[in-house]
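Colleague: Please pick one residue and take a close look at what surrounds it. After that, work outwards to the rest of the fold, in terms a first-year student can follow.

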Amino acid sequence: MGLMSKFNLQSPFSDIETKGMQYKSLKDLFEHYGADHIYKVRGLFVNPKGKFGAEPVGILEDCLVNLPRHTLESVQEMLDTDEIIQAIKDEKVGFSIYKYENGYSLDRSTGEIKDFYGVKWLDL
């Protein structure tokens with residue numbers, strides 16, 4: 001890509017047909033495949049109209065997955081980096097999912113601990 005390509009609005013992964021793909025959560029994927037599963041990333045984009053503002057989204061083989069909000073800056077950086085874009089297109093980027101708790105995990109009304117899910121980016 002050229003010097004000015006980052007200012008164009010077209011996604012570098014617009015050639016991937018996502019119409020009809022369902023969104024899945026990290027929690028659903030984690031519960032179905034477990035912690036050791038590695039997901040191959042086919043593409044990334046940022047949904048500017050998410051429920052809580054801009055949201056990073058991963059394109060997997062058979063679904064779209066909402067990525068954690070705290071990965072937004074990293075995903076935007078990946079989308080601005082030609083080397084990362086090419087690595088994704090070459091099927092050399094993936095992630096695994098981990099579960100964690102933090103200071104917001106306690107539901108004060110029920111006393112239950114809520115789990116959160118994050119991604120660990122991987123070279124494939």
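**Lys99 and its surroundings**

Modeller: Leaving aside residues up to four places away in sequence, Lys99 touches Phe30, Asp115, Phe116 and Tyr117. The model is a predicted one. Lys99 itself is found in strand 6, which covers residues 93-100. Is it buried, exposed or partly exposed? Its relative accessibility is 42%, so Lys99 counts as partly exposed. For that label the value has to lie between 20% and 50%.

One of the contacts deserves a second look. Side chains of opposite charge can pair when their charged atoms come close. Asp115 and Lys99 do this: their side chains meet in a salt bridge, with 3.7 Å from N to O. Asp115 lies in the loop between strand 6 and strand 7, and Lys99 in strand 6, so the salt bridge ties together parts that are 16 residues apart in sequence. Asp115 counts as partly exposed too, because its relative accessibility is 30%.

How many salt bridges does the structure hold? There are two. In the one not yet described, Lys40 pairs with Glu91, and the closest N and O atoms are 3.3 Å apart. Lys40 belongs to strand 2 (residues 39-40) and Glu91 to the loop between helix 3 and strand 6, so this pair ties together parts that are 51 residues apart in sequence. Lys40, at 38% relative accessibility, counts as partly exposed. Glu91, at 48%, counts as partly exposed.

Phe30, another contact of Lys99, leads to helix 1. Which residues of helix 1 are buried? They are Leu26, Leu29 and Phe30. These residues cover an arc of only 100° around the axis, which puts them on the same side of helix 1. An α-helix has 3.6 residues a turn, so residues three or four places apart point the same way. On the other side of helix 1, Glu31 and His32 are exposed. The buried residues pack against strand 1, strand 2, strand 5, strand 6 and strand 7. After helix 1 comes Gly34, with a positive phi near 90°.

Next comes the interior. In soluble globular proteins, nonpolar side chains tend to be buried together. The largest nonpolar core here has 26 residues, and Leu44, Phe95 and Ile97 are those with the most contacts inside it. Among the elements that give two or more residues to this core are helix 1 (26-33), helix 3 (82-89), strand 6 and strand 7 (116-123). Leu44 touches, among others, Phe13, Val57, Ile59, Met78, Ile88 and Trp121, again not counting residues up to four places away in sequence.

The last topic is the sheet. Four strands form an open sheet in the order 1-5-4-3, with mixed pairing. Its edge strands are strand 1 (22-24) and strand 3 (43-50), each of which pairs on one side only. On average, neighbouring strands of this sheet are turned by 35° against each other, direction ignored. Strand 1 and strand 5 (residues 63-66) run parallel and are joined by three bridges; in one pairing, Gln22 has Cys63 of strand 5 as its bridge partner. Helix 2 (residues 72-79) lies across strand 3 and strand 4 (53-59), and runs at about 125° to strand 3.

To return to the starting residue: the C-alpha atoms of Lys99 and Gln76 are separated by 23 Å, and the two residues are 23 places apart along the chain.

How values were computed. Residues numbered from 1 in each chain as written. Predicted model: local features only at pLDDT ≥ 70, side-chain atom pairs only at ≥ 80, totals over all residues. Heavy atoms only, no water. Pairing = 2+ DSSP bridges. Axes fitted to C-alpha atoms, helices over the stretch in contact; angles between N-to-C directions. Contact = heavy atoms within 4.5 Å. Buried < 20%, exposed > 50% of the residue type's maximum accessible area, 1.4 Å probe, protein only. Core = buried A, V, L, I, M, F, W, Y, C linked by side-chain atoms within 4.5 Å. Salt bridge = Lys/Arg side-chain N within 4 Å of Asp/Glu carboxyl O. Arc of directions from axis to C-beta.
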